[in-house]
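Let's walk through this one together, from a sheet in one chain to the place where two chains meet. Keep the viewer open as you read.

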Amino acid sequence: MAGKILATYEYTPAKVEKGYAGKTLYINLSEMTIKEKPVTEKMKEIFVGGRGFGLWYLWNAVSSDTKWNDPENEIIIAGGPICGITQYPGSGKAAVVTLSPLTGCPMDNNVGGYFAPLLKFSGWDALEIQGKSDRDVIVFIDGNRGKVVIEDASDEPADTHLLAEKLTERYADSEEDKRNISVVSSGKGAENTLIGMLNVSFYDVKRRAVRVKQAGRGGSGTVFRDKKIKAVVVKYKGVTGDSNNPADKEKIINAALRLHKEIFELDKLQNRMREVGTANLVEVMNDYDLLPVMNFQYGSHPDADKITSKVFREKYFTQNVPDNCWYGCSLSCAKAVDNYEVKTGPYKGQKVCVDAAEYETIAAVAANCGIFDPEYVIEANFYCDTYGLDTISFGNIVGFAMECYERGIINKEITGGLELKFGNADAALELLHQMARGEGFGKIAGQGVKNLREYILEKTGADPKLLRDISMEIKGLEVSMYVSKESLAQQGGYAFANKGPQHDEAWLIFMDMVNKQIPTFEDKAEALHYFPIFRTWFSLQGLCKLPWNDIVPADNAMTDEPHKIPAHVQNYVDLFNGVTGKNITKEELLLQSERVFNFQRIFNLKMGKGTREYDMPPFRLLGPATKEEYESRAERYDKQLKELGYDIEGKAKEEKMTMLRQYRESQFEKLMDAVYKRRGWNKNGVPTLETAKKLGIDFPDVVELIAKYQV
Amino acid sequence: MIKVNNEDLDFTDGMTVEDVLRIKKYSHPMITVIVNGKVIPVDSYSTHKIKDGDVINVIHFMSGGC
Amino acid sequence: MKIVKSRPDLCTGCRACMIACSKVLYKVEDPDKSAIRIKERSGAESGYDIFVCNHCGKCISICSVEAIYKAKNGAVRIDAEKCVGCYMCVGFCPEQAMFVHKDINEPIKCIACGACVRACPTGAIYFEEQD
């Protein structure tokens, strides 16, 4: 029966002390049980919080044989000790960890919205959900009353723009109270594909609208809907600047005021995040030949000027409203399009507020599919969000299918009549609606690029080598939106990333390709050691990466290591010490991350992956995979071959392509060796026993596991 | 000939920092220009004259979703 | 409305205004809890700078929770109940006339009461009518 209460749990909300509530809320949906678990000092010491807690709980919950849709799989949502401070920009993030349907390995996402802070102030450092319900449910956590209920949600809509608004209305006592609600939800797309994502809501007081941020990558929404969760709702009233009970608030305030002032003075001269958000990157990437065009074949396009931030700024983004996704974020990158009238599909004619559009989305759904239409971007962005679909994976799938179609590898018989030519926005949107309905070619394509490739191979007898070269996935996850062909370091940044090719581990293209600051293998390996580890830290704490290097102090260029943004690293040391009362150094900050980073690598190993062979990219990530690509930048590639000492006089294009390929593949292998060595891994990409020991993650089961891979 | 980020670029008379940035298509807003080891202030990009043989580093910072 | 204006050349740095202000706002005599600040100039220049809100209202649009508003008398005020203590307004104040204290959740800000004007022995701060 809809609305029926299936389980209730009453608790005394723990008081947050120095950033921790000290407890985790555990829910088992198979058994309909709710209980609390202690957050131990050892957990805090080794895993810190956020992604660290998520990986630790998941490690203990699953075996090597666990599949994403087994009841043992979990979804863990956790902030981290710094999460929820209101003073420092970007401090409201939630880490989401689960076994991915795309990779079979742990997936982590770092998502905005109010959920993680409100969860913590409700008394919970983490929410751990295991089991599978036999009917649709809503989990409601009331942090003021100290009550958790699981309700039957059979009659509720699944799609986020309907559900998040409805639940915000339902659980808020008044208009004023809506800001105290955050809803985690997904949508129909997540039910019928493997690329489902999670939306995390917050109430935008000035727009009077429910807004959503996305835990996009790797199918977390698919797991969520497989567990039959329609929504998890948290309600907590009473957030102040002291809700974390920090040990030394002055440290936090001083860092915060420094950054607010920097943003006030410099953002307009730097990335204009407050004005256009990450969309500013469209024009930058296009200029540097880094914007994925037509399934990563090319890096720029003459029509890209139709989808730049300038266009969105002038015609679509609503200005002069605060666009932050947690209190105190003066960087405010979360742009929105208000009163957008939906043009297609089941919600045609509705006027909606769309959280659009970020760089990754614009690049993926538009440029990568050869579509250069801003209104299509908003339409696709709206539907991906409400259906619970990852825009990056969606854009990759469509781009890959379009290339296969244009090359004659697939035809209308396979696509169910869809004319999947580059630039066909109508076909892309129809495919999107099919994914949500679980029908036709959409159902097949929604399984992700890797599975789609297998399907095409089975149906068509196409050349498997060509299809691998042009299917932009590694470990089963689709590649995010930067062309890495001319940056060896970025190729490694993508290919070695723990969860799959997402740029949040390392973005080194400018340092490597443009600035030429890391010329040797050792330099690149050092960068691929430092940055992934440093960047992991944000997701342990409940922090956003953007305020680290999307705004830099005026004198940053004069510092010893400008790419590390030393002043901001010091801010993070101050924040951690200010909240927890500990006294870590920046070296200890890195150690916190290095532990979790290596633990995640070992977790991949536990799931039967995590070795060298799983770090191999499609050739298109390394260089021109087809004649068309070589031809389009022939001058560049010819010049490179000559400089490398190849005799290319009179050589056919195919021969030159083979030379370039052999060279680049050998460079990539050398990079792997150098990076693995720097990280303390063996040649097979497995952390050595010494590394595990040094990091203090040499638990018996870890040692037993990695010992098998030491030679 | 001048060097820009370790690559040769033809020198032309009267060339300014702004010209170099335009030729190289360096449009990223977060850059620092260093000519022969000296940082050039943003407001002199259009006036600072390049000499033949200058070594120029245009350091790009990361940004955005990356 | 009347706003507080200053003639820094007349300031002797006695900080009587800061004491008076903290008394009105927080019922303590603590210059660290004052909404007007006197700062001694550094370097070659001698004398004092006076930082005080001119009620321009730019902070109103910076606030994401609508905690800053224009009161009936024209003064820009903070609703302490709504304020989440994020201090964006402090960092974005063009006059650098909003302040923070670790024991106070909301920013410390002038309410245009005139206590500082009455406390000033030299006339370095005064009230002036403004539209």
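What follows takes chain A's sheet, then some strands of chain B, then the interface.

A little housekeeping: this is a predicted model, so local features need pLDDT of at least 70 and side-chain atom pairs count only at pLDDT 80 or more, while totals for chains, interfaces and linings use all residues. Residues are numbered from 1 along each chain as its sequence is written, chains are lettered from A and ligands numbered from 1 in the order in which they are written, and side-chain values use heavy atoms, with hydrogens and water left out.

Start with chain A, where six strands make an open sheet in the order β3-β2-β7-β4-β5-β6, with mixed pairing. Strands here are DSSP runs (E, at least two residues), numbered from the N terminus, and two of them pair if DSSP finds at least two bridges between them. At the edges of the sheet stand β3 (33-38) and β6 (106-111) of chain A, each with a single partner strand, so each has one side without a neighbour in the sheet. From one strand to the next, the twist averages 15 degrees (axes are lines fitted to C-alpha atoms, and angles run from 0 to 180 degrees between N-to-C directions). Take a look at the β6(A) edge: β5 (residues 94-99) of chain A pairs with β6(A) in the antiparallel sense over six bridges. There, A:Ala95 has A:Asn110 as its bridge partner.

Now hop over to chain B and find β5 (residues 55-60), which pairs with β1 (residues 2-4) in the parallel sense over two bridges. β5(B) also runs antiparallel to β3 (residues 31-35) of chain B, joined by five bridges. Pick out B:Ile56 in β5(B): B:Val4 has this residue as its bridge partner, and B:Val35 stands opposite B:Ile56 too.

So how do the chains meet? Contact (heavy atoms within 4.5 Å) involves 20 residues of chain B and 31 residues of chain A. The two chains bury about 2300 Å² between them, 61% of it on carbon and sulfur atoms; that is accessible area (1.4 Å probe) lost on being put together, summed over both.

Which residues form the one salt bridge found across this interface? A:Lys516 and B:Glu7 do, with their closest N and O atoms 3.2 Å apart; the rule asks for a side-chain nitrogen of Lys or Arg within 4 Å of a carboxyl oxygen of Asp or Glu. On chain B's side of the interface, β5(B) gives the largest share, three residues.

Definitions and conventions
Helix = DSSP H or I, 4+ residues; strand = E, 2+ residues; numbered from the N terminus.
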